[in-house]
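Could you take a look at this one with me? I've jotted down a few points to go with it.

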Amino acid sequence: MASTILRRATSSVIKSSLLTEASRRSYASVAVGTDILSAASQVSLQKARSWDEGVTSNFSTTSVNDIFKGKKVVIFGLPGAYTGVCSQQHVPSYKKNIDKFKAKGIDSVICVAVNDPYVMNAWADKLQANDIEFYGDFDGSFHQSLELGKDLSAALLGPRSERWSAYVVDGKVKALNVEGAPSDFKVSGAEVILEQI
């Protein structure tokens, strides 16, 4: 009897702490006003490319400074290349609205995911999304530095990212949208961020 009560109590405590952790981590610490150049100062991303281009470039990376400094950027992050919502809704929303972003003076529309740059390159080609810049965050350090990382091991994806979008001017976040769950597509699409520019 005592062991049954202990198991129930332990189970309840574990569930409670998991729910607390899940609710605390469902929103990123990055916020409107955050300076990405400072928050992710030691981070570099990997521009989407073929393996041969990677070898030729000596596996070069692109610093966050080079991506954001002195520019107006719309960036959106997603859990992973080739996944359902990412391929069927998220990227297509930006692809369809690329001319509207250019008309608003946006220098770059960027898609970033916790994937290697070679997968991102093949995925961009498959989606025919040539006007969007794709970057890999191969080790998740960019997303971790902004507290936008997400453990999706339950879906066999491992460490990934939240689904999110941001409007960034000279490294400063002017608008930020983070979905409640990685499978949601309510606030991070192109139509929402266009209204925030």
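Here are my notes, from the whole chain down to single residues.

1. First, a caveat: this is a predicted model. Its secondary structure comes to 9 helices and 9 strands.

2. On packing, buried residues account for 43% of the 197 residues in the chain. If you take the contacts between residues at least 6 apart in sequence, 68% of them join residues at least 24 apart.

3. The chain's accessible surface is about 10,200 Å², and carbon and sulfur atoms contribute 53% of that.

4. There is a nonpolar patch on the surface, made up of Trp-51, Val-55 and Phe-59. Together these residues have about 310 Å² of accessible area. Phe-59 sits in the loop between α3 (51-56) and β2 (62-63). Its relative accessible area is 40%, so Phe-59 counts as partly exposed.

5. Cys-86 is the residue to click on next. UniProt lists Cys-86 under "active site", though the entry is unreviewed, and the annotation may be inferred rather than shown by experiment. In the model, Cys-86 lies in helix α5, which covers residues 84-96.

6. Is Cys-86 buried or exposed? With a relative accessible area of just 1%, Cys-86 is buried, because the cut-off for that is under 20%.

7. And what is Cys-86 in contact with, leaving aside its neighbours within four places in sequence? The residues are Leu-78, Pro-79 and Gly-80, then Val-91 and Pro-92, and finally Trp-123 and Arg-163.

Conventions
Residues numbered from 1 in each chain as written. Predicted model: local features only at pLDDT ≥ 70, side-chain atom pairs only at ≥ 80, totals over all residues. Heavy atoms only, no water. Helix = DSSP H or I, 4+ residues; strand = E, 2+ residues; numbered from the N terminus. Buried < 20%, exposed > 50% of the residue type's maximum accessible area, 1.4 Å probe, protein only. Contact = heavy atoms within 4.5 Å. Areas by Shrake-Rupley, 256 points an atom, 1.4 Å probe, with all protein chains shown as cover. Patch = residues over 30% accessible without salt bridge, like charges linked within 9 Å, V, L, I, M, F, W, Y side chains within 5 Å. Salt bridge = Lys/Arg side-chain N within 4 Å of Asp/Glu carboxyl O.
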